[in-house]
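Here are a few exercises to help you find your way around a new structure. Try each one yourself before you read the solution.

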Amino acid sequence: MSETGEISSILNEQRLFSPSVGFSENSQIGDLETYRNIWNYSKNDPEGFWGRKAEEMLDWFQPWTKVLEWDEPHAKWFTGGRINASYNCLDRHVKSYRRNKAAIIWEGEPGDKRTLTYQQLLNEVCRCANAMKSLGVKKGDRVTIYLPLTPELSIATLACARIGAIHSVVFAGFSSHALAERNNDAESKLIITADGGWRKGAITPLKQNVDECLAESPTVENVIVLKRTGQDITMQPGRDHWWHDVVDSKSHICEALPLDSEHPLFLLYTSGSTGKPKGILHTTGGYLLGATLSTKFVFDLKENDVFWCTADVGWITGHSYLVYGPLSNGATTFMYEGAPNFPDAGRFWKMIETYQINTFYTAPTAIRAFLKAGSQWPNSYDLSSLRLLGTVGEPINPEAWMWYREVIGGNRCPIVDTWWQTETGSIMITPLPGSTPTVPGSATLPFFGVVPEIVDANGKPVPVGSGGYLTIKQPWPSMLRTIHGDDERYKRTYWSKFPGRYFTGDGARMDKNGYYWIMGRIDDVINVSGHRLSTMEVESALVSHPSVAEAAVVGIPHEIKGEAIVCFVSLDSYAERDEALEDTLKSHVTEQIGALARPESIRIAETLPKTRSGKIMRRLLRDVASGRDSGGDISTLEDTQSLESLR
Ligand code: PRX
């Protein structure tokens, strides 16, 4: 995609895979006609459709009076209704035959194991909620959760939901600085963390990061610390409390608060096209409906399934498909703490065999890494329990898709390539496994209630086969409501480029079968290993280093990560340019943001190529970074010398 906005479509994939007759016969939506009928109904009568689904799928303390109040770009869903997400994920199952069913099956990286039934999970959630209350947390307060992928991560989120506190989960791979930035924006009162977490056999020093963060975070009054790794940490008396002291002693009874359907459920920070992360706000009733409905139909959920979404709860995928979606449906969700290749590249496959996982939902970057590690790893395990595979987070290349299908899915499991975003809350474009024939690399068709349209720069629909901007024409229940503290940015980012439509930030095209092909971001957002990063965020991290005068960051294609970060920097005139500087700057970015933002390479130049008006020409830098010859117009370039020296 070029900066001028022309979008060309390059893929021309012809392979088509229909679900097997056996799979279709046993699935909830077994043919394309049924899908189309439901989709048409949801499009033509969205309030009728969503009202019906909200009634069928969720338990309400008080029914809503209106399905949708739409005052563009602000939506209110199920107004007047009272509901609690934690009640829907726990209590209603405990009152049913599911009481002793496994809700969470967990394995830690060192190999420790835990299973929590619905009753046990409810008890823990209530204890944690009571502990938060005892520390003064009230409805509407923000709570930052910075935990390794342990059951306590789900327990803490559900405990917040239970008392109407708003959780802001920060991925444990983020640095103390990134944590402080998110924490300050949310003005959290409480942080829930652990002494550390396990990753590739090493300890991530979470409490230490929190201590550093607290030097910059004045709003935090208390910290709850889970003992996970057991190394020495500092506990500040009065402020820091061990989980086992403050949670375990509390009563296992805590009534779920009936909350307004539009009561905020959580904030989740994601990168936008500026340096400042956006606190995406999701509310209770609508979000929960989106997560519940999509889990049930996209993953064709069966009562006895063991469902594994490999994402961390630090990302939206973990919120919707590790916690809220599966638990609201009363499913068994599998959780694994650590790295996919620890102690070796067979770890995932071994767990699939051990726990007889039925549905496996992961990211293309992981699939590409497994492909590279070699088929001998999955081939040494029995993967026959798998029924369905899914991918999310970035476009999947056909080679990885085919390997996934053949080697992991034994040519038997349908693959759902699901397109969605932190902002959309739940899956938007996806095959339904029993009805949609799939093509490697296409997310295929819109989910129920989702009405996408691809348009040109003027907002006019583009012809079939042409690339354009992906927009959504109708509001949907799990859409974000605003950006925390910055409604103007919400309007500007999502609703101003194409009035009357939600703009996704992605380019896409539709083929002659009506299938969508996502072509990636068209803004300054890059997608590294399925994680969204803003080039500006990395740039501000770089210029915060005393040696750096200016920085420009671009994404280039990368075999495993999808995209990799390449940085161009010019140095301050006093800066010493030594051998170690490149590594120093890489570490600096890691410290500022987290390991996920570590640059692939850093190129140091006298000056950066700019237009006469002083704008850095990123298009040229992208060409330089990926070793392409810069075609196109460079006549606006101020100083052609700078480009030559970078090459
Ligand atoms: O560019 C799209 C890409 O990931 C972006 C959303 O990132 P995030 O909010 O971090 O959420 C990721 C998990 C939902 C999108 O704008 N993306 C996500 N899924 C796909 C995808 N690109 C292509 N195909 C997908 N299936």
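The exercises below go from the ligand to two helix pairs and then to some backbone details.

Before you start: this is a predicted model, where local features need pLDDT of at least 70, side-chain atom pairs count only at pLDDT 80 or more, and totals for chains, interfaces and linings use all residues. Residues are numbered from 1 along each chain as its sequence is written, and side-chain values use heavy atoms, with hydrogens and water left out.

**Exercise 1. Find the residues that come nearest to the ligand, then look at its polar contacts.**

Step 1: Pick out the shell, where a residue counts if one of its heavy atoms lies within 4 Å of the ligand. There are 17 such residues, and Asp417, Thr418, Thr422, Asp506 and Arg532 come nearest.

Step 2: Look for polar contacts (pairs of N or O atoms within 3.5 Å). A ligand nitrogen sits 2.7 Å from a backbone N or O atom of Thr418. The side chain of Thr422 has an N or O atom 2.6 Å from a ligand oxygen, and for the side chain of Gln421 the distance to a ligand oxygen is 2.9 Å.

Step 3: Check the cover, using Shrake-Rupley areas with a 1.4 Å probe. Alone, the ligand exposes 540 Å², and the protein buries 96% of that.

**Exercise 2. How do α13 and α15 cross?**

Step 1: Locate α13 at residues 364–373 and α15 at 398–408; helices here are DSSP runs of H or I, at least four residues long.

Step 2: Compare the axes, lines fitted to C-alpha atoms over the stretch in contact, with angles from 0 to 180 degrees between N-to-C directions. They come within 9 Å and cross at roughly 70°, so α13 is roughly perpendicular to α15 (the class for 65 to 115 degrees).

Step 3: List the contacts (heavy atoms within 4.5 Å). Ile367, Arg368, Phe370 and Leu371 of α13 meet Glu399, Ala400, Trp403 and Tyr404 of α15.

**Exercise 3. At what angle do α2 and α3 pack?**

Step 1: Take α2 (32–44) and α3 (46–57): the angle is about 110° and the axes are 5 Å apart. That makes α2 roughly perpendicular to α3.

Step 2: Find who meets whom: from α2, Ile38, Tyr41, Ser42, Lys43 and Asn44; from α3, Pro46, Gly48, Phe49 and Arg52.

**Exercise 4. Which peptide bonds before Pro73 and Pro343 do you find, cis or trans?**

Step 1: Recall that most peptide bonds are trans.

Step 2: The bond from Glu72 to Pro73 is cis, with omega near 5°. A cis bond also joins Phe342 and Pro343, with omega about -5°.

Conventions. Polar contact = N/O pair within 3.5 Å; in protein donor to acceptor, adjacent residues only side chain to side chain. Helix = DSSP H or I, 4+ residues; strand = E, 2+ residues; numbered from the N terminus. Parallel < 35°, antiparallel > 145°, perpendicular 65-115°, else oblique.
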